[in-house]
Amino acid sequence: MSMPNDTRSRIINVTRKLSKCPVCGSEVIDIVYGTGYMTESEFLLKYRKSAIMGGNNIPRRPPIWCCTCGCKRFRKVNEDGTDTQVKVKMLKNIRKAPASKITWSSSMVETALDNRNLYTTHNYSANVVTELCEQETLSLTAINIDDAKELAMRLVSEGFIGLKGRTCVKIKIKED
Ligand SMILES: [Zn+2]
């Protein structure tokens, strides 16, 4: 890996995606363009992954990665520093990450961890169907099936799963 050429400028040329920002040390994630006024948290909720919103103006030599703190953007270049063909990530091509990639914990899990003699925690997968017939599989940590069920219903009703429906019409839970 070649070292970033100049850490004083806002955009740093790199030959490949860095795992950490060389200036602030935070994670380096993709910049998504064509996002209009969408905010990072709106994107996270909808697509279940983190990205920096690039808005609708795509520069001629677009940086394609950014550190999560936002201090630096990264532009991909060839080893000799010349421009390379970059694939800009566009919002319209982004696919939602599966909901099962995130493990949700019930509020009882914290209590359980503090009182190991009273509770044990279990991992469940919950298959939920909303009133709009959307189906999703969730990974849950809870103290029992009822706790997992309540958590699944709450995640749907509060819109955390990124589904349009707010009511679970069907939940199937099994312990992993
Ligand atoms: Zn940074």
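Which residues touch the most other members of the largest nonpolar core? I put this to the model, which is a predicted one, and found that among the 17 residues of that core Leu138, Leu140, Leu155 and Ile161 hold this place.

I then looked up where the core draws its residues from: two or more come from each of strand E8 (122-130), strand E9 (135-142), helix H3 (145-157) and strand E10 (168-175), and H3 gives the most, with 5 residues.

Next I listed the surroundings of Ile161, leaving aside its neighbours within four places in sequence, and noted contacts with Arg48, Ala99, Trp104, Glu136, Leu138, Leu155 and Val156. Apart from the core of Ile161 I found another one, of 9 residues, including Leu18, Cys21, Val28 and Phe74.

Cys21 led me on to the metal, since I wanted to know which atoms coordinate the zinc ion. The donors are the SG atoms of Cys21, Cys24, Cys67 and Cys71, at 2.2 to 2.6 Å, and they are spaced as C-x2-C-x42-C-x3-C along the chain. I noted that Cys24 sits in the loop between strand E1 (11-14) and strand E2 (28-33), while Cys67 belongs to strand E4 (residues 65-67), so this pair ties together parts that are 43 residues apart in sequence.

For the geometry I checked the angles among the 4 donor atoms, which run from 98 to 120°, and I entered the site as tetrahedral.

Last, I asked of two of these donors whether each is buried or exposed. Cys67 is buried because its relative accessibility is 0%, whereas Cys24 is partly exposed, with a relative accessible area of 35%.

Conventions: Residues numbered from 1 in each chain as written. Predicted model: local features only at pLDDT ≥ 70, side-chain atom pairs only at ≥ 80, totals over all residues. Heavy atoms only, no water. Core = buried A, V, L, I, M, F, W, Y, C linked by side-chain atoms within 4.5 Å. Buried < 20%, exposed > 50% of the residue type's maximum accessible area, 1.4 Å probe, protein only. Helix = DSSP H or I, 4+ residues; strand = E, 2+ residues; numbered from the N terminus. Contact = heavy atoms within 4.5 Å. Donors = N, O, S within 2.8 Å, 3.2 Å for Na, K, Ca; no water. Tetrahedral: all angles 85-135°; square planar, octahedral: opposite > 155°, others 65-115°.
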